[in-house]
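Trainee: Please show me one part of this model up close, and then how the rest is put together. I am new to it, so explain each term as you go.

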Amino acid sequence: MRRWKTAAVVMLAVTVMAACSGQRPVETSQAEAPPAATGPTRGGRLVYGLSADGNGFNPITDQFAVQSYSMTTPIIEPLVSVDANGDWRPYLAESLTPNDAYDEWAIKVRPNISFSDGTPLTGEVVKANLEAQKASPLTAAVLAPVTAVELTDPMTVTVKLRQPWVAFPYQLSLQVGMIIPPASLADLKEASRTPVGTGPFLFKEYVPDNRMVVTRNPKYWREGLPYLDEVEFRILPDSQTRAQTLEAGGVDAVGTNRDEDVVKFGDMKDAYTVHRAQGMSVSEYVYLLNTAAPPLDDVRVRRALAHALDRDTIIKTLRGGLTEPADGPWSKDSKWYVDGGYPDYDLAKATALVQEVEADKGPIRFEAISTTDPNTMQLVELCQDMWRKAGIDVTIRQADQADLINRALTGDYGATVWTAFSAADPDGEYNALHQAFARPIGQISLNPTRLKDKQLSDALDAGRVTPDEAVRKQAYATVQQRLRDQMPILFIDHLNTGAVIAKTKVRGIGEHTLPDGEKGRPLTGAPIPYHPFAQIWVSE
């Protein structure tokens, strides 16, 4: 079973992506599934193409990227989920109730739920899971504000925090909120290979770098679910191979972030449906800049890089016109978005800033890291040419994904491609932007740009501790303003080409409901999204 070399690398592995490449199409409308003759039917088998294998299935010890969530959440469920409006909702939890100060949260567990090994889900089990997550090198940083987890009654635990945390439940919709039985807690190595949970499916088979198979849980606590008898997750790392396998009938659905796939299959409306990420689920394609090392420790250089990038040309050339330029972590359709202040494309301004810096410090040279994927290289080379026109000398280093992440988190880079900012709530970006998580070069830094900006950090703190939405909006407006002023991150576009493409016989993708009846968030994660499988069904 593969492992990342460091816990911090594990924490942020899901943020790296490859850009799109190939012959660029023009934008067309998305396909919609033909109307179903009947409602959901039980039975059938789904073969689902994933972009990569997971690194294990234990939420306490293993790195969870998007593909890990796809394979593991059918078996292991979280305490919390997110609805279609982006609000958190109880899942395995029946309720989550804060005290008046929001520095304590009482989590009441739903009754009459058992793990597939027959063990009841209780408050004691939830307490043990949260304490294990708090102690894990993998997830300890996420739960750093937690000071204690106490059993209030047999079905309720109280989480005590060192400060108010109004968005705390969102964290429990992710890896740290996924609950495993006592037997798995007692043998974490076995839990990594053979997952057990409360979910709609049971683990059947896993062949590394090839496939994972799950089968229906006949004792699932949500009556009538799941619809499918079996799901096979097929590991197909090459995006073109995934698309070809789908078209040849080897799989029933795939995840992709290639614009040509979105357009090609979107035009084949009778045969395929295309489901694209929307809203806060859409990640942003960016360059991280190392603000702790020259020449990018000079904000003038960072602003020059931004002025030299023609984002419209990048989108037209490399995205088929499907995406929108990004000027911050949230898109214009988000309630958190504020306009203004991001450096526009202006080669003259970029050149003037370069000349100003060169007069003080000499020529500007640095290294940009790209994955070996040709799609990513195409984008990095285009940016390299734009920067060269402004007088900036940029060399490109190719690295595999794991090495790229290690370099970013240890500060061994100048600039690197990255994707981020798909959290359901802005507080989800706290660790990656706050100065408290910026470490010296050579140490693992959960804030990979290493920017130390008090105004930015104070705004992140304000957004975390207050329940007043107006105050939170002002706080995150300040976050955007400081990012645009200090430019630790170059924003390229909102990567809404992240999609799931399926044969029309596959129904229910992105249409699930939560236990209390609310519509769930359709697609989650980046750059390729994932979704629940309990309410997917096939019509022949």
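Mentor: We start with one sheet and the helix across it, then move on to other parts.

First, the ground rules. This is a predicted model, in which local features need pLDDT of at least 70, side-chain atom pairs count only at pLDDT 80 or more, and totals for chains, interfaces and linings use all residues. Residues are numbered from 1 along each chain as its sequence is written, and side-chain values use heavy atoms, with hydrogens and water left out.

Now the confidence. The pLDDT is the predictor's confidence in each residue, from 0 to 100. Its average over the chain is 92, and 93% of the residues score at least 70. Residues 1–31 stay under 50. The model has 123 contacts beyond four places in sequence for that stretch; a contact means heavy atoms within 4.5 Å. Where pLDDT is low, the predicted coordinates should not be read in detail.

Next, the sheet. Helices (H or I, at least four residues) and strands (E, at least two) are DSSP runs, numbered from the N terminus. Two strands pair if DSSP finds at least two bridges between them. The sheet is open, has 4 strands in the order 4-5-7-6, and pairs them antiparallel. Strand 4 (93–98) and strand 6 (146–153) are at the edges, each with a single partner strand, so one side of each has no neighbour in the sheet. From one strand to the next, the twist averages 20°.

Look closer at one edge. Strand 4 pairs with strand 5 (residues 104–109) through 5 bridges, in the antiparallel sense. Thr97 is opposite Ala106 in strand 5. Leu96 has Ile107 as its bridge partner in strand 5. In a regular strand the side chains alternate between the two faces of the sheet. The two strands make a hairpin with 5 residues between them, where Tyr102 has a positive phi near 65°.

A helix covers part of this sheet. Helix 3 lies across strand 5, strand 6 and strand 7 (156–161), and runs at about 170° to strand 6. Axes are lines fitted to C-alpha atoms, for helices over the stretch in contact, and angles run from 0 to 180 degrees between N-to-C directions. Lys127 belongs to helix 3 (residues 123–135). Is Lys127 buried or exposed? Lys127 is buried, at a relative accessible area of 17%; buried means under 20%, exposed over 50%, and partly exposed in between (1.4 Å probe, protein chains only). Leaving out residues up to four places away in sequence, Lys127 touches Val149, Glu150, Leu151 and Val157.

Another set of strands comes later in the chain. Strand 8 (residues 201–207) and strand 9 (residues 211–216) run antiparallel and are joined by 6 bridges. Phe203 is opposite Val214 in strand 9. Their hairpin has 3 residues between the strands, and Asp209 in the turn shows a positive phi of about 60°. Strand 9 also runs antiparallel to strand 10 (residues 230–235), over 5 bridges. There, Val214 has Val231 as its bridge partner.

Now the helices. Helix 8 (residues 259–266) is largely enclosed by the rest of the structure, because 7 of its 8 residues are buried. Among them are Val262, Val263 and Phe265. These buried residues pack against helix 7 (239–248), strand 11 (253–256), strand 12 (272–276), helix 10 and strand 19 (499–503).

Helix 10 (residues 311–318) also packs on helix 12 (residues 374–389), at about 150° and with axes 11 Å apart. That makes helix 10 roughly antiparallel to helix 12; angles under 35 degrees count as roughly parallel, over 145 as roughly antiparallel, 65 to 115 as roughly perpendicular and the rest as oblique. The contact includes Ile314 and Leu318 of helix 10, and Leu379 and Leu382 of helix 12.

Helix 9 (residues 299–308) and helix 16 (residues 469–486) cross at roughly 95°, their axes coming within 8 Å. That makes helix 9 roughly perpendicular to helix 16. Val299, Arg302 and Arg303 of helix 9 meet Arg484, Asp485 and Gln486 of helix 16.

Last, Ala459. Ala459 sits in helix 15 (residues 454–465). With 6% relative accessibility, Ala459 is buried. Beyond its neighbours within four places in sequence, Ala459 contacts Ala475, Thr478 and Val479. Its C-alpha atom is 9.4 Å from that of Arg482, which is 23 residues away along the chain.
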